[in-house]
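Q: I have a model open and would like to learn how to read it. Could you walk me through it?

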Amino acid sequence: MHYVGPNQRYAWIHLLLGSPSESSTELRYYTTVLNQWSSRLGHSPAPQVFSVMSATYDRASAIKAFDESRTGVKGLVDAGADELPAFFVAPPIQVEPKSTSNHQIPIVDLKDVQADESRRKQAVEELMHAATTYGFFQVVNHGIAADVLDSMLQGVTQFHEGPIEVKKQYYTRDLRKKVRFNSNFDLYVSRVANWRDTLSCTMAPEPPQLEELPDACRGIIFQFTNHIQSLGTLLLELFSEALGLRSDHLIQMECDKGLYILGHYYPPCPQPDLTLGASKHSDPDFITILLQDQIGGLQVMHQNQWLDVPPSTGALVVNIGDLLQLITNDKFRSAEHRVLIKKVGPRTSVACFFTTQLWPSTKLFGPIKELSIEKPPLYREVTVRDYHTYYYNKGIDGRSALDNYKL
Ligand SMILES: O=C(O)CCC(=O)C(=O)O
């Protein structure tokens with residue numbers, strides 16, 4: 001157990017109560033409980049936390065100062081931070097003991113699925129099982145060469161580890177920009193910040209100009225995008241077949257029209273038990289293809305337990321997003337996942353979201369007719385843009401954005 005500083009004790013109170021007033025009875029109650037807990041753990045008896053809170057800690061200003069530094073979490077680490085700012089402190093994090101689950105994320109082999117009918121049939125069955133039970137799986141023999149994957153991870157790492165003056169030029173929260181660097185897309189709305197920085201690039205339907213991308217990944221990102229788009233199209237064909245639809249059904253619905261690539265960087269963390277790299281969430285897209293390095297930390301919720309998604313050289317992780325759960329009328333599962341953080345690092349990952357995100361379109365998505373016969377439609381129709389707007393405004397708060405669209 002790490003030392004929990006007075007500011008961090010306040011962070012928990014904030015999480016429990018929102019922004020309590022100093023005189024609130026609840027605040028006094030939780031202060032007492034936290035103080036008793038701290039002293040039981042052998043820490044110095046806590047001062048009156050509520051007065052420390054008002055005297056020394058202003059959460060909104062701390063967040064603003066962090067954002068205005070434009071240096072992200074890596075900036076805190078470079079400055080030698082050995083205690084987390086309070087707005088990163090999560091409620092106690094549930095960690096499964098290593099041996100509690102026999103379940104493993106499925107691995108689907110895509111070898112020869114374009115040429116060999118029986119291989120394709122087998123892959124379709126495996127995908128069906130993975131999408132309906134776990135919502136998460138890894139793919140191997142997906143056709144993207146190891147050096148393309150390595151170069152993409154390297155490019156993202158180099159950007160995050162590159163000169164701060166360059167990174168600051170990209171720092172923005174302006175969602176109209178196709179290339180953005182920042183830390184925590186939901187910094188101002190979530191109750192807890194995550195220990196990661198992100199370079200976001202909207203690559204489809206309208207890619208940025210080459211010179212809009214940072215030097216560090218300019219060369220590789222278009223090449224990587226082409227491969228990921230082909231793989232996404234293949235997966236959507238196989239999913240269509242798994243659902244008993246025509247191969248091109250999900251493509252005709254334009255589920256592969258948009259691609260949004262997030263280059264995440266999780267710096268080593270001085271107090272990894274107190275925060276997360278990514279809080280529990282599901283993705284607001286049709287599918288996500290994720291490339292992760294060898295550090296690990298990604299976990300998926302399955303039957304109320306957190307399962308590791310272990311790094312595997314050459315494999316890519318695929319998960320079902322909320323919009324695919326919505327149009328399949330709950331046949332496929334958009335599983336909740338999170339990223340644990342470590343003292344060692346950094347960890348780099350590249351998450352490829354198939355979605356047109358905030359692209360202006362009035363096209364409505366609702367449960368597919370053929371999948372709403374046995375079970376009536378469970379969701380109302382929504383545009384991708386409205387879904388994303390709702391998701392962004394809500395932030396990651398432990399609730400699924402899908403609930404808002406349930407009939
Ligand atoms: O970095 C990872 O492994 C997961 C990233 C993720 O969950 C996301 O981008 O939504």
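A: Sure. Let's start with strand pairing: two strands pair if DSSP finds at least two bridges between them. Keep in mind that this is a predicted model.

Q: How many bridges join β6 to strand β11 here?
A: Three, and the two strands run antiparallel. If you want a spot to click on, Leu276 stands opposite Leu340 in β11.

Q: Which strands make up the sheet that β6 belongs to, and in what order?
A: The sheet is open and has four strands, ordered β6-β11-β8-β9, with antiparallel pairing. β6 (276-281) and β9 (305-308) are the edge strands: each has a single partner, so one side of each lacks a neighbour in the sheet. As for the twist, neighbouring strands are turned by 30 degrees against each other on average, direction ignored.

Q: What about the whole chain: how many helices and strands should I expect?
A: Twelve helices and 14 strands. The protein has 407 residues, and 43% of them count as buried. For contacts with a separation of 6 or more, 77% come from residues 24 or more positions apart.

Q: How do I read burial for a single residue, say Phe136: is it buried or exposed?
A: You count C-beta neighbours; 20 or more within 10 Å makes a residue buried. Phe136 has 27 inside 10 Å, so it counts as buried. This residue is found in strand β2 (residues 136-140).

Q: Which residues does Phe136 touch, leaving out those up to four places away in sequence?
A: Ile105, Val300, Val309, Val317, Asn319, Ala335 and His337. Also look at Phe136 and Gln299: they are 163 residues apart in sequence, with their C-alpha atoms 10.0 Å apart in space.

Q: On to the ligand. Which residues surround it?
A: The shell is Leu262, His264, Ala278, Asp283, Leu290, Gln292, Leu298, His337, Val339, Ser349 and Ala351. By type, that comes to six nonpolar, four polar and one charged. At least two shell residues come from each of β5 (259-266), β7 (287-292), β11 and β12 (347-353).

Q: Last one: what is the mean pLDDT of the protein?
A: The mean is 89, and 85% of the residues reach 70 or more. Over residues 44-54, though, pLDDT is below 50, and the model gives this stretch 24 contacts beyond near neighbours in sequence. Where pLDDT is low, the predicted coordinates shouldn't be read in detail.

How values were computed
Residues numbered from 1 in each chain as written. Predicted model: local features only at pLDDT ≥ 70, side-chain atom pairs only at ≥ 80, totals over all residues. Axes fitted to C-alpha atoms, helices over the stretch in contact; angles between N-to-C directions. pLDDT = per-residue confidence, 0-100. Contact = placed C-beta atoms within 7 Å. Buried ≥ 20, exposed ≤ 12 C-beta atoms within 10 Å, placed from the backbone. Near = placed C-beta within 6 Å. Nonpolar A, V, L, I, M, F, W, Y, C, P; charged D, E, K, R; others polar.
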